[in-house]
Amino acid sequence: MSKRETAEKKMVLPGDVIASPEEFMPGKNTYEQEDSVRATLPGQVEKDLSKREVAVRAAVRPKALAVGDVVVGQVEAAMSSTAGVRITFVNGRQTLGGFPGTIFTRGERGGRGVRRTYVKLGDVVRAKVSSTLNGMNQLSIEEPHLGVLATLCSVCGTPLTKDGRAPTCQVCGSVEERKFADDFGSPDIRP
Ligand SMILES: [Zn+2]
């Protein structure tokens, strides 16, 4: 056998024998059993000849989002110009694994240099996928139906309800500034 530096591109299933322990050490997603190294999940065999290690790269890839998808998720991180969202609904259907998404708030309209607060940590938002370039799910909340669906008062933590024009805390009276979805406060919000 010639010692090629290129990795062997071979698909395997869980339990398949991929090498002998004399040849290769068991690496990621493999285990040793009865004088053989086997795969723990479906994927592609990767042999590192310099380390004499064999591994399996998982074949399962999460379904990707597409531009135009309407998603609902919770804000996990809020910075001055971006917000990280954990997406749990895609086009009204729940996703088990969830997807990461990012809202860029800097480009959203705020008017005459006034920095508006669009979303806050913990908010539930409805957004539209505007780009998936380089595997990053860029989200927009500019349309009227997009924006915050549920949020807590930033002063006292009470869930906000819509009372008249501006969402106001019923406990402490704080008027909260967000980019709300047009159906915020309605009794039957659908993702
Ligand atoms: Zn309050």
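**A guided tour from E46**

Begin by selecting E46, whose bridge partner in strand 7 is A55. Residues are numbered from 1 along each chain as its sequence is written. The model is predicted: local features need pLDDT of at least 70 and side-chain atom pairs count only at pLDDT 80 or more, while totals for chains, interfaces and linings use all residues.

Next, select residues 43-48 and 53-58, which are strand 6 and strand 7; the two pair in the antiparallel sense over 6 bridges. Strands are DSSP runs of E with at least two residues, helices are runs of H or I with at least four, and both are numbered from the N terminus. Two strands pair if DSSP finds at least two bridges between them.

Widen the selection to the open sheet, where 4 strands follow the order 1-6-7-3 with mixed pairing. Its edges are strand 1 (10-12) and strand 3 (25-26), each pairing on one side only.

From strand 3, move into the loop that leads to strand 4 (30-33), and select N29. Its phi is near 65°, a positive value in a residue other than glycine. N29 counts as buried because it has 21 C-beta neighbours inside 10 Å. The cut-offs are 20 or more other C-beta atoms within 10 Å for buried, 12 or fewer for exposed, and partly exposed in between, with C-beta atoms placed from the backbone.

Then go to N134, in the loop between strand 11 (124-131) and strand 12 (138-140). N134 also has a positive phi, about 55°, although it is not a glycine. N134 is exposed, with 6 other C-beta atoms within 10 Å.

Finally, display the whole protein: 0 helices and 15 strands, with buried residues making up 26% of the 191 residues.
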